[in-house]
Amino acid sequence: MERHNGNGNGHGNGHGLGRGAGRRVLITGGAGFVGSHLADELLAHGYRVRALDNLSEQVHGPDIARPAYLSEDVELMRGDVRDAAAVKRALQGVDAVFHFAAAVGVGQSMYEIERYTDVNNRGTAVLLEALTAAPVERLVVASSMSVYGEGLYCDPDGNPVSPPPRSPEQLGRGDWELYSHGRRLRPMPTPEAKPVVPSSVYALSKLDQELMCLMVGQAYGIPTTALRFFNIYGPRQALSNPYTGVLAIFAARYLNRRPPLVFEDGRQRRDFVSVHDVARACRLALETPQAAGQAFNVGSGRSISVLEVAEQMAQALGIEDLPPEITGKYRAGDIRHCYADISLAQQVLGYRPQVTLSDGLEELVDWIVGQNAYDRVEAAAQELARRGLQR
Ligand code: UD1
């Protein structure tokens with residue numbers, strides 16, 4: 001197996017896992033979008049990779065087959081993270097664990113409350129109990145920017161503010177921005193220290209996963225890191241999942257020669273980060289001893305409005321005659337602005353995002369065209385509207 005020196009910050013002992021050198025890493029959810037890219041990254045750096053994945057139908061479709069994109073060097077064990085026996089088997093001979101198996105739909109989590117809590121919270125509990133019997137050298141858990149609720153803002157005097165969610169009445173009036181004491185707030189990059197305000201069952205489950213892993217990790221001497229992912233995009237996104245991100249939805253609209261539908265006024269800002277940068281951040285978390293015991297934002301460190309990203313995608317596609325349609329509608333539970341302050345990951349992990357948005361968009365679009373899947377994305381997006389999750 002090939003060994004690289006990578007571009008990390010060179011910690012190779014203590015509580016980091018050092019470089020690959022045949023160490024075996026388990027990725028729960030390793031057949032999924034992010035997990036499979038992480039598998040590629042780890043394999044390229046000399047690790048052996050095992051994936052525990054139930055190949056859930058919502059993500060992988062009805063075939064229950066090994067996804068074609070999954071590297072053949074990945075040892076895939078089909079099993080559920082809630083199944084203690086399967087988890088025990090998967091942990092045999094493993095040096096480190098990435099816990100990525102989770103149900104991931106913010107809207108869906110608000111009506112499949114029991115399933116989300118079962119898969120995400122209890123699944124993590126089952127894994128952690130197994131780890132107490134078979135400790136590993138490193139544990140990294142996938143968390144989400146959704147734990148923040150709204151991002152960080154500042155008031156006109158420059159004081160930081162962590163506002164509560166917008167009320168349904170406010171949204172009903174089409175008044176999209178955030179206010180404090182009647183004064184309009186300005187969005188700022190969100191650092192890890194911003195108080196968490198989970199506002200969906202999904203976000204709550206991610207916070208729970210984070211805290212449970214850090215807590216049990218500390219109690220059992222398993223150096224543990226939580227990574228708060230921002231809006232990840234890239235090839236292998238689950239296109240038939242209605243909860244796939246906005247970029248895949250917009251790409252599908254354009255490819256069907258229809259304008260993207262932009263909610264609110266399109267000025268809401270996000271941090272879109274390429275899955276390749278995310279995979280690198282994950283490996284750095286594994287290899288950096290100082291990362292233990294903390295949560296890190298993983299984003300691109302740049303923000304862009306939804307309207308701007310639609311326009312940038314149109315440019316990437318060479319489309320000039322399909323301006324985005326600003327609907328003035330809104331999704332229940334949507335936040336207005338949240339984008340990452342990535343300075344902690346830069347300092348501690350040596351994380352440097354490398355994929356520009358324009359390169360990343362081009363890659364995403366090429367992949368969706370290659371999959372011939374734009375109708376599926378459309379149908380999946382319509383599923384949300386049918387369920388009344390968009391107004
Ligand atoms: C949410 C979650 C995040 C999760 C992600 C993908 C929160 C705070 N964040 O992010 O944890 O990883 O979903 O599941 O809950 N939009 C349109 N038109 C569309 C679709 C979306 O304008 O057709 C807008 C949305 O209103 C939103 C933005 O695009 O303002 C991003 O939406 P989306 O990609 O679904 O992700 P988030 O809601 O940011």
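**Exercise 1. Locate leucine 55 in this predicted model and describe its backbone and its exposure.**

Solution.
Step 1. Leucine 55 sits in the loop that runs between strand E2 (48-53) and helix H2.
Step 2. Its phi is positive, about 50 degrees, although leucine 55 is not a glycine.
Step 3. Set this against the general pattern: most residues other than glycine have a negative phi.
Step 4. For exposure, the cut-off for buried is under 20% relative accessible area. Leucine 55 has a relative accessible area of 3%, so leucine 55 is buried.

**Exercise 2. Is isoleucine 64 buried, partly exposed or exposed, and where is it placed?**

Solution.
Step 1. Isoleucine 64 belongs to the loop between helix H2 (57-60) and strand E3 (75-78).
Step 2. Values between 20% and 50% count as partly exposed. The relative accessibility of isoleucine 64 is 41%, so isoleucine 64 is partly exposed.
Step 3. To place isoleucine 64 against another part of the chain, take arginine 24: the two are 40 residues apart in sequence, and their C-alpha atoms are 25 Å apart in space.

**Exercise 3. Which residues are closest to the ligand, and what classes of residue make up the shell around the ligand?**

Solution.
Step 1. The ligand is surrounded by 20 residues. The closest are Ser144, Val246, Leu261, Arg270 and Asp334.
Step 2. Sorted by class, the shell holds 12 nonpolar, 5 polar and 3 charged residues.
Step 3. Turn to secondary structure. Helix H8 (246-255) and strand E13 (261-262) each supply at least two residues of the shell. H8 gives the most, with 3 residues.

**Exercise 4. Which polar atoms of the protein lie 2.7 Å or 2.9 Å from an oxygen atom of the ligand, and how much of the ligand is buried?**

Solution.
Step 1. Take the backbone of valine 246: one of its N or O atoms is 2.7 Å from a ligand oxygen atom.
Step 2. At phenylalanine 263, a polar backbone atom is 2.9 Å from an oxygen atom of the ligand.
Step 3. At arginine 331, the atom concerned is an N or O atom in the side chain, and it lies 2.9 Å from a ligand oxygen atom.
Step 4. The ligand taken alone exposes 740 Å², and the protein buries 89% of that.

**Exercise 5. Why does the ligand lie between domain 1 and domain 3?**

Solution.
Step 1. Write out the bounds. Domain 1 covers 1-150 + 190-230 + 275-301 + 339-354, and domain 3 covers 234-270 + 304-333 + 356-391.
Step 2. Both domains give residues to the shell around the ligand, so the ligand lies between them.
Step 3. Add the database record. UniProt, in an unreviewed entry, places the feature "domain: NAD-dependent epimerase/dehydratase" at residues 25-167 and 191-299.
Step 4. Describe each span. Residues 25-167 are 34% helix and 20% strand, and the end C-alpha atoms lie 44 Å apart. Residues 191-299 are 39% helix and 19% strand, with end C-alpha atoms 11 Å apart.

**Exercise 6. How many residues of H8 are buried, and what follows just after H8?**

Solution.
Step 1. In H8, 8 of the 10 residues are buried, so the helix is largely enclosed by the rest of the structure.
Step 2. Buried residues of H8 include Leu247, Ile249, Phe250, Arg253 and Tyr254.
Step 3. Just after H8 comes arginine 257, with a positive phi of about 60 degrees. Arginine 257 lies in the loop between H8 and E13.
Step 4. Its relative accessibility is 47%, so arginine 257 counts as partly exposed.

**Exercise 7. Which residue of E13 is buried, leucine 261 or valine 262?**

Solution.
Step 1. Leucine 261 is in strand E13, and so is valine 262.
Step 2. Leucine 261 has a relative accessible area of 33% and is partly exposed. Valine 262 has 0% and is buried.
Step 3. Leucine 261 and leucine 307 are 46 residues apart along the chain, and their C-alpha atoms are separated by 9.6 Å.
Step 4. Valine 262 and asparagine 54 are 208 residues apart in sequence and 34 Å apart in space, C-alpha to C-alpha.

**Exercise 8. Where is glutamate 287, and which side chain does it contact?**

Solution.
Step 1. Glutamate 287 is in helix H9 (residues 275-287).
Step 2. Glutamate 287 counts as buried, at 2% relative accessibility.
Step 3. Its side chain makes a polar contact of 2.5 Å with the side chain of tyrosine 47.

Notes: Residues numbered from 1 in each chain as written. Predicted model: local features only at pLDDT ≥ 70, side-chain atom pairs only at ≥ 80, totals over all residues. Heavy atoms only, no water. Near = heavy atom within 4 Å. Polar contact = N/O pair within 3.5 Å; in protein donor to acceptor, adjacent residues only side chain to side chain. Areas by Shrake-Rupley, 256 points an atom, 1.4 Å probe, with all protein chains shown as cover. Helix = DSSP H or I, 4+ residues; strand = E, 2+ residues; numbered from the N terminus. Nonpolar A, V, L, I, M, F, W, Y, C, P; charged D, E, K, R; others polar. Domains from an automatic or database assignment. UniProt positions renumbered as here; feature names shortened; annotations may be inferred. Buried < 20%, exposed > 50% of the residue type's maximum accessible area, 1.4 Å probe, protein only.
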